[in-house]
Amino acid sequence: MTLKSYSRFELAENQLETAIGLFVSGGDRFSVISLAGAADVILSRLVINHEQKNFTELSLKCELERGGANETREAHGKCMNDALFINQIKHMDDDDDGFIDLEPEECALGAILKALVNYVILAGQQKDIVLAFKAWVRLNLDSKKYNINCDPNWKPHAK
Amino acid sequence: MARFHKHDVARLQLLTAVGIFLRGLDHSSVITLAGAASGILDTLVKRAGKEPFVDYARRVHCELVGYTPKRKSYSHHIDKKLGVIAHKHLSKDDPDTVELDLEKQAVDALSRALSDYVSLNGQDEPFVKAFFSWVWENTDGPALMEKFKIAPDRMKPK
């Protein structure tokens with residue numbers, strides 16, 4: 001037995017780092033979603049504990065400003081996690097037919113970005129995994145579809 | 001949009017977990033991925049009419065302690081013992097730190113998931129063999145098998 005004490009942040013950071021490493025090296029997308037999703041649960045709570053707004057709250061605020069429905073933080077968070085298939089890929093109900101329809105690449109990217117927002121709130125922009133992932137984004141994503149330079153006034157190009 | 005079956009989703013996560021473990025990388029990630037695979041494989045093993053790991057563990061518990069724990073609560077207990085809960089959940093009142101034995105929990109989480117995976121698929125795939133070889137070499141496999149041989153049949157998996 002080698003029991004050691006670990007901070008919750010450390011557990012989340014290690015999982016997020018593995019998720020990003022797998023993603024940029026072409027590894028399994030489902031594993032990326034699970035790892036980033038698990039890290040995000042911890043990071044989201046840590047952000048709240050630090051009395052700041054986490055990604056879910058920031059997203060909810062944006063939705064309300066656009067005239068969206070007034071949901072609770074929990075309901076909005078569940079809705080986002082469902083869209084990213086975070087729960088579907090770690091659970092199967094007795095009456096589940098077992099099939100899921102998704103874009104693994106998009107969900108993996110979304111799961112990392114969601115967790116990364118919370119990570120940056122806690123650890124800042126200058127950590128290696130943040131810099132590395134942002135560099136990957138600039139080099140590999142379509143600037144017409146994604147805001148690769150984090151411009152606050154950016155809008156997606158019309159199709 | 002592409003269609004996947006959860007069996008393949010579980011397999012890919014387990015394959016990734018074994019790869020991370022055997023390369024000596026992050027044990028936290030191994031625990032989470034093995035835990036995610038188990039969450040799917042348990043249902044598939046039940047559906048195949050075989051005995052999932054959690055039901056085997058409940059049977060052993062009954063032999064040792066005298067009663068069979070409820071499936072849901074014992075499954076949660078196992079997840080907690082393996083460190084799965086600590087890696088995917090944090091409540092408002094939880095402390096900032098947690099005591100874990102990450103290497104042992106990674107081995108145990110992989111063993112649980114692979115037990116269900118092998119029930120469905122056998123043990124001929126290279127990643128399954130690679131992990132079992134590691135366990136054999138690093139946890140005194142021969143001594144473990146001697147203990148297993150003398151255990152009564154009712155304490156063995158079906």
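In this predicted model, helices are DSSP runs of H or I with at least four residues, strands are runs of E with at least two, and both are numbered from the N terminus.

**Figure 1. A:Asn147 lies in the segment after helix H6 of chain A.** Helix H6 spans residues 128-140, and A:Asn147 belongs to the segment that comes after this helix. With a relative accessibility of 28%, A:Asn147 counts as partly exposed, because that class covers values between the 20% limit for buried and the 50% limit for exposed. A second residue, A:Arg29, gives a reference point for its place in the chain: 118 residues separate A:Asn147 from A:Arg29 along the chain, and their C-alpha atoms are 22 Å apart.

**Figure 2. Helix H1 of chain A covers residues 8-24.** The helix has 17 residues, and the distance from its first C-alpha to its last is 25 Å, close to the 24 Å expected at 1.5 Å a residue. Its buried residues include A:Leu11, A:Leu16, A:Ile20, A:Leu22 and A:Phe23. Residues such as A:Arg8, A:Glu13, A:Gln15 and A:Thr18 are also among the buried ones. After H1(A) comes A:Gly26, which has a positive phi, near 80°.

**Figure 3. A:Gln15 of helix H1 is in contact with residues of chain A and of chain B.** This residue is found in helix H1 of chain A. Its relative accessible area is 0%, so A:Gln15 is buried. The side chain of A:Gln15 reaches the backbone oxygen of B:His87 at a distance of 3.1 Å. When neighbours within four places in sequence are left aside, the contacts of A:Gln15 in chain A are A:Leu35, A:Ala38, A:Ala39 and A:Ile42. In chain B, the contacts of A:Gln15 are B:Asp26, B:Ser28, B:Ser29, B:Thr32 and B:His87.

**Figure 4. Chain A and chain B bury about 3,800 Å² between them.** Carbon and sulfur atoms account for 56% of this buried area. In chain A, the residues that lose the most area to chain B are A:Tyr6, A:Arg8 and A:Met92, which together make up 19% of what that side buries. In terms of contacts, 41 residues of chain A meet 40 residues of chain B. Between the two chains there are 3 salt bridges and 26 residue pairs in polar contact, with both residues at pLDDT 80 or more. Strand S1 (4-7), H1, helix H2 (29-49) and strand S2 (99-102) are the elements of chain A that each give two or more residues to the side touching chain B. Of these, H2(A) gives the most, with 10 residues. By class, the side of chain A that touches chain B holds 17 nonpolar, 12 polar and 12 charged residues.

**Figure 5. Salt bridges occur within helix H4 of chain A and across the two chains.** Over all chains, a search of the whole structure finds 22 salt bridges. Side chains of opposite charge can pair when their charged atoms come close. In helix H4 (residues 73-83) of chain A, the side chains of A:Lys78 and A:Asp82 meet in such a bridge, with N and O 2.7 Å apart. These residues are separated by about one helical turn because they are 4 residues apart in the helix. A:Asp82 is partly exposed, with a relative accessible area of 35%. Another pair crosses between chains, from A:Asp101 in strand S2 of chain A to B:Arg3 in strand S1 (residues 2-5) of chain B. The closest N and O atoms of A:Asp101 and B:Arg3 are 3.0 Å apart. A:Asp101 is partly exposed at 32% relative accessible area, whereas B:Arg3 is exposed at 54%.

**Figure 6. A salt bridge joins A:Lys145 and A:Glu106.** The closest N and O atoms of this pair are 3.2 Å apart. The bridge links distant parts of the chain, 39 residues apart: A:Lys145 is in the segment after H6 of chain A, and A:Glu106 is in helix H5 (residues 104-123) of chain A. A:Lys145 counts as partly exposed at 47% relative accessibility, and A:Glu106 counts as partly exposed at 35%. In chain B, salt bridges that share partners join B:Asp42, B:Asp55, B:Arg58 and B:Arg71 into one network.

Conventions. Residues numbered from 1 in each chain as written. Chains lettered and ligands numbered in written order. Predicted model: local features only at pLDDT ≥ 70, side-chain atom pairs only at ≥ 80, totals over all residues. Heavy atoms only, no water. Expected span 1.5 Å × (residues − 1). Buried < 20%, exposed > 50% of the residue type's maximum accessible area, 1.4 Å probe, protein only. Contact = heavy atoms within 4.5 Å. Buried area = accessible area lost by both parts, 1.4 Å probe. Salt bridge = Lys/Arg side-chain N within 4 Å of Asp/Glu carboxyl O. Polar contact = N/O pair within 3.5 Å; in protein donor to acceptor, adjacent residues only side chain to side chain. Nonpolar A, V, L, I, M, F, W, Y, C, P; charged D, E, K, R; others polar.
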